[in-house]
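Got the viewer open? Load the model and keep the selection box handy, and we'll walk through it stop by stop.

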Amino acid sequence: MAPDVDSFARVATVMIPDEELLYEVSWTFFKLGRIRVLTLATPNDDKSSTYRAVAYSDSYDLPFVDFHAYSTTEMDSMLFSWRSSLFEKNRDRWFRQVYHFLPTTRQFITENAYVSEIHHLPAPSARYDTMHLPYERFQDGTSILYFARAHVHDNVSLAVPTLVRGKAGRTEFYLPAERTTTSIDAVPYPIRVVELEGKADFEGIFGLTGDFTGWFSDDAAAVPIKAKMKVILGSISIELIEWKRPGWSPPRAE
């Protein structure tokens, strides 16, 4: 995908530092947990990354679900990832995966290890896996959300290489998205949105895979309002319940 002036403008509008979005995850009548997504400011001395983000996924205290994950991504100017990490809690330890992409050699290096705390260095027993890839850019499980926001108003369908949990796949977006309205509990009026359908050809958190539908605010911010996705349990709903973004509120439908 060749970048253009409009693409850079859309990316800059979406990527506002210190944006914080909080979602609740539900399955049928059960509320499973929350996902918190933060857009981070990039240090001035970091010349390799243009944008950074982090996502926290935590289940509520339920007898049949115990899930805690922490993921980070570092993205270039077009929101493709070049380095990311994923931590998933397994009893009293965290399984740590750190991903490095070397575009000159098209190598994807995954570091796997167990650590007692998220920011601890891995044990000497860390294992490294290397894949040679046929493409120069890719998305990870967190950056793909921002990429979708930047392109939800496009008119051409996209298929984007995606690397999650050390495995290569792709994400398809069926564009153009349909303009419509929706409602959520956190907003007392109908919201103007664009409805985006797609398919995740990989397995993400909660066992996410397959067809999905997302509703994004029909404005320049393209904030994800809610989504329906297939996971191990069946189908889950993800709904925006709180947000912090300077000067933004969900656009009211006429």
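## A tour of salt bridges and cores

Start by selecting aspartate 218, which is buried, its relative accessible area being 9%; buried means under 20% relative accessible area, exposed over 50% and partly exposed in between, with a 1.4 Å probe and protein chains only. Before going on, note that this is a predicted model, where local features need pLDDT of at least 70, side-chain atom pairs count only at pLDDT 80 or more, and totals for chains, interfaces and linings use all residues. Residues are numbered from 1 along each chain as its sequence is written, and side-chain values use heavy atoms, leaving out hydrogens and water.

Now add arginine 192: its side chain meets that of aspartate 218 in a salt bridge, 3.5 Å from N to O. The term stands for a side-chain nitrogen of Lys or Arg within 4 Å of a carboxyl oxygen of Asp or Glu. Aspartate 218 sits in the loop between β12 (210-217) and β13 (224-231), while arginine 192 belongs to strand β11 (residues 191-201), 26 residues apart. Helices (H or I, at least four residues) and strands (E, at least two) are DSSP runs, numbered from the N terminus. Arginine 192 counts as partly exposed, at 32% relative accessibility.

How many salt bridges are there by this rule? The count comes to 12.

Next, select arginine 10 and aspartate 154, another salt bridge, with the closest N and O atoms 3.1 Å apart. This one ties helix α1 (residues 5-14), home of arginine 10, to the loop between α2 (143-151) and β9 (158-164), where aspartate 154 lies, 144 residues apart. Arginine 10 is partly exposed at 24% relative accessibility, whereas aspartate 154 is buried at 15%.

Then pick arginine 149 and glutamate 19, whose side chains form a salt bridge at 2.9 Å, N to O. Arginine 149 is in helix α2 and glutamate 19 in the loop between α1 and β1 (20-27), 130 residues apart. Both are buried. Add Arg245 to the selection and you have a salt-bridge network of Glu19, Arg149 and Arg245.

Last stop: the largest nonpolar core, with 63 residues. Such a core is a set of buried Ala, Val, Leu, Ile, Met, Phe, Trp, Tyr and Cys residues joined through side-chain atoms within 4.5 Å. Met15, Leu79, Tyr146, Phe173, Leu196, Ile238 and Leu240 touch the most other members. Apart from this core lies another, of seven residues, including Leu38 and Phe87. Finish on phenylalanine 173: leaving aside residues up to four places away in sequence, its contacts (heavy atoms within 4.5 Å) include Ile144, Phe147, Leu196 and Phe212.
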